[in-house]
Amino acid sequence: MARAYDFPEDLLTAQEELHQVVHALRALYDRLPWSVEPHPGFHDPEYWRPRQRPATDGWSEEDRAEVHRLRAQQQELSIKIVTHPFWTKLEGLDLVTARTVLKYVHDTPTADRPAA
C-alpha cells in the first residue's frame with residue numbers, strides 16, 4: 001500500500017492544473033491537421049507498411065498560438081512542481097514514490113473529494 005503524503009495545497013493545485021493542460025494539449029493535437037505547414041499529402045504504397053496522409057492547409061496562426069501557450073504553461077507548471085520545496089523533505093525511494101503518488105493523486109477519490 002502506498003504511503004500517504006501530506007502534499008501542500010499549492011503543489012496539489014499545480015499538479016491538477018498540469019493535468020488539465022496536458023489533456024487540453026492532447027485534445028488540441030487530436031483536432032489539428034497532421035502537418036503544421038501546408039502539405040499536398042502523400043500516398044506511399046511501396047513502403048513496407050503502406051502509409052498515406054491527406055492534403056492539409058496546415059495549422060492556423062490561432063492554432064499555433066494556442067499550442068505555444070499550452071506548451072509554455074505545461075513547462076511552467078512542470079518546473080513549479082519539480083522545484084517545489086516539499087521535495088527537500090524526502091529522499092531516495094520515498095521521493096520517487098511521492099512524486100508518483102502526486103502524479104495520480106487526483107485520480108483517487110477521497111472522503112472530501114467524491115469520485116467523478
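Ala4 lies in the segment before α1, where helices (H or I, at least four residues) and strands (E, at least two) are DSSP runs, numbered from the N terminus. Ala4 is exposed, with a relative accessible area of 70%; here buried means under 20% relative accessible area, exposed over 50%, and partly exposed in between (1.4 Å probe, protein chains only). Ala4 and Leu32 sit 28 residues apart in sequence, and their C-alpha atoms are 40 Å apart in space.

A quick word on the model itself. It is predicted, so local features need pLDDT of at least 70 and side-chain atom pairs count only at pLDDT 80 or more, while totals for chains, interfaces and linings use all residues. Residues are numbered from 1 along each chain as its sequence is written, and side-chain values use heavy atoms, with hydrogens and water left out.

**Where α1 meets α2**

Leu28 belongs to helix α1, and Asp63 to helix α2 (residues 61-82). Leu28 is buried at 6% relative accessible area, and Asp63 is buried too, at 13%. Contact means heavy atoms within 4.5 Å. Leaving aside residues up to four places away in sequence, Leu28 touches Asp63, Glu66, Val67 and Leu70. On the same terms, Asp63 touches Leu28, Arg31 and Leu32. If you follow the chain from Leu28 to Gln75, you cover 47 residues, and the two C-alpha atoms are separated by 17 Å.

Here are three residues with their places and accessibilities:

| Residue | Place | Relative accessible area |
|---|---|---|
| Leu28 | helix α1 | 6% |
| Asp63 | helix α2 | 13% |
| Pro45 | loop between β1 and β2 | 42% |

Pro45, then, sits in the loop between β1 (42-44) and β2 and is partly exposed. Pro45 and His84 are 39 residues apart in sequence, with 51 Å between their C-alpha atoms.

**Rings**

A pair of aromatic rings is described by the distance of the centres and the angle of the planes. Rings of Phe, Tyr and Trp (its six-membered ring) pair if their centres lie within 6.5 Å; planes under 30 degrees apart count as stacked, over 60 as edge-to-face and the rest as tilted. The structure holds 6 aromatic pairs. One of them is the tilted pair of Tyr29 and Trp59, at 6.3 Å centre to centre with 40° between the planes. That pair links distant parts of the chain, 30 residues apart: Tyr29 is in helix α1 (residues 9-31), and Trp59 is in the loop between β2 (51-53) and α2. Tyr29 is partly exposed at 32% relative accessible area, whereas Trp59 counts as buried at 15%.

Elsewhere, ring pairs link Tyr5, Phe7, Phe86 and Trp87 into a cluster. Trp87 also has a charge over its ring: the charged end of Arg99 sits 4.7 Å from the ring centre. For that label, NZ of Lys or CZ of Arg must be within 6 Å of the ring centre and within 35 degrees of the ring normal.

**One cavity**

How many cavities of 30 Å³ or more does the whole structure have? The search finds 1, and about 30 Å³ of space lies in the largest cavity. A cavity is a set of points on a 1 Å grid over the protein atoms alone where a 1.4 Å probe fits but cannot get out, and lining residues have an atom within 4 Å of a point. Gln15, His19, Lys103, Tyr104, Val105, His106 and Asp107 line the largest cavity. Helices α1 and α3 (92-104) each supply at least two residues of that lining.

Conventions. 1 Å grid on protein atoms, 1.4 Å probe; cavity = no way out; pocket = protein on both sides within 12 Å on 5 of 7 lines; lining within 4 Å. Points joined across faces, edges and corners; volume = space filled by probe spheres on them.
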